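Got your viewer open? Let's take a walk through this structure, one selection at a time.

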Amino acid sequence: MANRKEKTFRFIIVGGGIAGVTCVEQLSSQIPSADVALITASPHIKTVTNYRQVSKTLEEFDVEEQPSSVLEEKFPNLTVIHSAVKSLHTRSHSLETTDGRVFGYEKLCICGGGRPKLLTQENPYVLGIRDTDSAQELQKRLSKAKRIVVVGNGGIALELVYEVEGCEVIWAVKDKAIGNTFFDAGAAQFLIPSLEADKPEKDAPCKRPRYTTEEPAPGGSHTFTADRNARRQGSSSTEAGSALGPDWHEGIVLQGSEQGTRRVSLEYQCEVEKIFTSEELLNSPPQTLGHENVGSWPVYIKLTNGKTFGCDFVVSATGVVPNTEPFLHGNNFALAEDGGLQVDDHMMTSEPDVYAAGDVCTACWEHSPMWQQMRLWTQARQMGWYAGRCMAAQVLSEPIELDFCFELFSHITKFFNYKVVLLGKFNGQGLGSDHELLVRCTKGLEYVKVVLSGGRMVGAVLIGETDLEETFENLILNEMDLTPYGEELLNPNIDIEDYFD
Ligand SMILES: Cc1cc2nc3c(=O)[nH]c(=O)nc-3n(C[C@H](O)[C@H](O)[C@H](O)COP(=O)(O)OP(=O)(O)OC[C@H]3O[C@@H](n4cnc5c(N)ncnc54)[C@H](O)[C@@H]3O)c2cc1C
Ligand SMILES: NC(=O)c1ccc[n+]([C@@H]2O[C@H](COP(=O)([O-])OP(=O)(O)OC[C@H]3O[C@@H](n4cnc5c(N)ncnc54)[C@H](O)[C@@H]3O)[C@@H](O)[C@H]2O)c1
C-alpha cells in the first residue's frame, strides 16, 4: 500500500445500512471511550426508528435515511467517513478508501450489504431496486410506461405487482405459484384474489386438515385485473419524499402512464431466454416475435415458454448478491456458496479481527433447528447488534453466547395488504417428507398454516389478522407435543390462547 495510514481506529465499521449503523450504536454505547469510525459509500445512513418488540422474537420497526451528523451528535467518539472502501489488507489491519486515504483498525466489521442480482448488467432497460435512487428511477420510468415485465418471485416482485397502477404488468415466475421465497402454493392461492377486480368474498372458515392445492398447468398464464378506485378505498395514501424503508413503495408513486385499471398477467414456470432491443429483434428470425410488432417497444423479452413480450422496461427482482468484492483481493476470506463472507457464531469471518454482519455475510454456525438466514432488515439489525456486542466482548475479555434472536426465525411483513407472519421452518425447509401440515383458510380473511414434525410445531405461516403469532411462537419454542390436540389445533371455534394457558 503506497499511502501512509491517516489514523488507526479501535473499531472500523464499513457500511451505513441497518447492519453497520446498529453495530456502531451498540459498540459506541457499550464502550463510549473507544474511537469508532463508520466508513460508508452512501451520503446518508439508515437508522431504525419506532422499534417494537412484538413478541419474544418478532420485531417491527421503520427504517429511515438520516444525515450521518445525527449519529455523530449522539456518539462524540464516532467519526463518519464518507467514502467507499477500495481495498482491505487484513495482514496490516488497514484499508484504503477510493479517495486515497488509508486507515488502520484493531477490529473491523464489514457491513457492505448486497446489490441486486440482475438478469443482465449491460441492458439499460433492465432495472433493479435497492435504494432510494433506484426506487426513484423506477418511479420516473414508470410514469411514462404502458407495459413492464417483472421477473422474479420474491419480496420485491410481490410488492411491486400489487402496487403498480396505470401500467400493464407481465409477471414472469419460475415456479408453479407466486411468492416462492415466502410461501407455498396454498398461501399463494389465498393471495391471488387480491390481484383481481373485486375484494374477495368473506366465506365461512373452512378447515383443510389435509393439504391440497390446485396448481397452474406448466407454462400456464393467468390475467388479473383490479379496479383502482375500489382498491384505493382500503389502501393508505402515498406521500412523496419519505425514506425507502419496509414500506418503501408508500413513499413513491408507482403509477404508469395510463389511468384506471391495473392489469397483471402471470406467466408461470418460465425463465428469461433472451432480452432484445428492437434493433436486435429486426435482425432475428420472424418467429421470435409472436404477436408483437417490431419497433413498438424499446425492449423485448423472450421467455422459455415461447412467448415474447415487448415492454417499456424489465424489472429484475431476482435476489441479491453480497457486496464482497473490495474486501477480497489479497485476503483469505472463506466464502459461502451464495457468495457471502462466512461468519461463525461470534460474527467473525475467517480473517483475524474481521467481523461481518447483514446481507454481506452468510451465517455458517450450526443453526438452531428453527432458524435460517434470509436477507432481511430484521436479520441485518440483529446481526449488526450482535456483532457489536461480540466485538466489545472480545476487547473487554467477556464471554458471550449466541443471542436468543437466532433461536427462532421470525419475520413480520405485509404482502397484498395482508399482515404476514412467518415463524420457524415456515415452509418445512430442510425437513424433507418428515413433516405434516395443518391449514385453515378463510377466503379474503386469513390463511393459517402450521408445520408439525414429530408431533411438535416447527413452523407457521400466518396471513391476515390471526392474532396467533405469540401463542404459536411459544408452542414452537416450548417444543410441546401437540399430538393429543390433532386437528383441533386450528379449530376456528376454539380460542387457542385460552386452550394453552
Ligand atoms: C426494495 C426492497 C424492499 C425490502 N423490503 C424489506 C422488508 O419489507 N422487510 C425486510 O426485512 N427486508 C426488506 N428488504 C431487505 C433489506 O433491505 C436488507 O436485508 C437490509 O437492508 C440489509 O442491510 P445491510 O445493512 O446488510 O445492507 P445495506 O442496507 O445494503 O447497506 C450496505 C451499506 O454499505 C455501504 N457500502 C457498500 N459497499 C461499500 C464499500 N465498499 N465501502 C463503504 N461502504 C460500502 C452502502 O453504501 C450501504 O450504506 C428489502 C430490500 C429491498 C431492496
Ligand atoms: N417484505 C419483505 O420482507 C421484503 C420485501 C422486498 C424485499 N425483501 C428482501 O429484499 C431482498 C431482495 O428482494 P428480491 O425479491 O429481489 O429477492 P428474493 O430473494 O426475495 O427473490 C428472488 C426471486 O427471484 C427468482 N429468481 C432468481 N433468479 C432468477 C432468474 N434468473 N430468473 C427468474 N427468476 C429468478 C427466485 O426464484 C426468487 O423468487 C431479498 O433479500 C428479500 O428477502 C423483503
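First, keep in mind that you're looking at a predicted model.

**Stop 1: ligand 1**

Select ligand 1 and bring up its surroundings. There are 31 residues around ligand 1, and the ones that come nearest are Ser42, Val85, Arg130, Asp359 and Trp377.

Now click on serine 42. One of its polar side-chain atoms sits 2.9 Å from an oxygen atom of ligand 1. Next door in the sequence, pick alanine 41: here a backbone N or O atom is 3.1 Å from a nitrogen atom of the ligand. Then jump to arginine 375, where a backbone N or O atom lies 3.4 Å from an oxygen atom of ligand 1. How much of ligand 1 does the protein cover? On its own the ligand has 1,000 Å² of accessible area, and the protein covers 88% of that.

Color the elements that give two or more residues to this shell: α1 (18-30), β2 (36-40) and α9 (377-395). Helix α9 gives the largest share, three residues.

Try coloring the shell by residue class too. You'll get 16 nonpolar, twelve polar and three charged residues. If you color by domain instead, you'll find at least three shell residues from domain 1 (5-115 + 320-403) and at least three from domain 2 (118-176 + 216-316).

**Stop 2: ligand 2**

Hide that and select ligand 2. This time 22 residues surround the ligand, and Asn180, Gly319, Arg375, His411 and Thr413 come nearest. Recognize arginine 375? Its backbone turned up at ligand 1 as well.

Zoom in on threonine 413, which has a polar side-chain atom 2.7 Å from a nitrogen atom of ligand 2. Then select asparagine 153, with a polar backbone atom 3.1 Å from an oxygen atom of the ligand. Glycine 154 also has a polar backbone atom to show you, 3.4 Å from an oxygen atom of ligand 2. As for cover, the protein takes up 82% of the 840 Å² of accessible area that ligand 2 has on its own.

Highlight α4 and β24 (410-415), since each of them supplies at least two residues of this shell. By class, the shell splits into eight nonpolar, ten polar and four charged residues.

**Stop 3: helix α3**

Select residues 132-142, which make up helix α3. Which of its residues are buried? Look for Thr132, Ser134, Ala135, Leu138 and Leu142. An α-helix has 3.6 residues a turn, so residues three or four places apart point the same way.

Now show what covers those buried residues: β4 (59-67), β10 (126-127), β11 (147-151), α4 (155-163) and β19 (313-316) are included. You met α4 at ligand 2, where it supplies at least two shell residues.

**Stop 4: glutamate 267**

Go to strand β15 (residues 262-267) and pick glutamate 267. Is this glutamate buried or exposed? It counts as buried because its relative accessible area is 3%, under the 20% cut-off.

Turn on the side chains around it. Glutamate 267 makes a 3.0 Å polar contact with the side chain of asparagine 305, and its side chain makes another, of 3.1 Å, with the side chain of lysine 307.

**Stop 5: glutamate 446**

Last one: select glutamate 446, in strand β27 (residues 446-453). This residue is buried too, because its relative accessibility is 10%.

Look for arginine 440, whose side chain is in polar contact with that of glutamate 446 at 2.7 Å. Leaving out residues up to four places away in sequence, glutamate 446 touches Phe190, Arg440, Cys441, Ile463 and Thr466.

Key. Residues numbered from 1 in each chain as written. Chains lettered and ligands numbered in written order. Predicted model: local features only at pLDDT ≥ 70, side-chain atom pairs only at ≥ 80, totals over all residues. Heavy atoms only, no water. Helix = DSSP H or I, 4+ residues; strand = E, 2+ residues; numbered from the N terminus. Buried < 20%, exposed > 50% of the residue type's maximum accessible area, 1.4 Å probe, protein only. Polar contact = N/O pair within 3.5 Å; in protein donor to acceptor, adjacent residues only side chain to side chain. Contact = heavy atoms within 4.5 Å. Near = heavy atom within 4 Å. Areas by Shrake-Rupley, 256 points an atom, 1.4 Å probe, with all protein chains shown as cover. Nonpolar A, V, L, I, M, F, W, Y, C, P; charged D, E, K, R; others polar. Domains from an automatic or database assignment.
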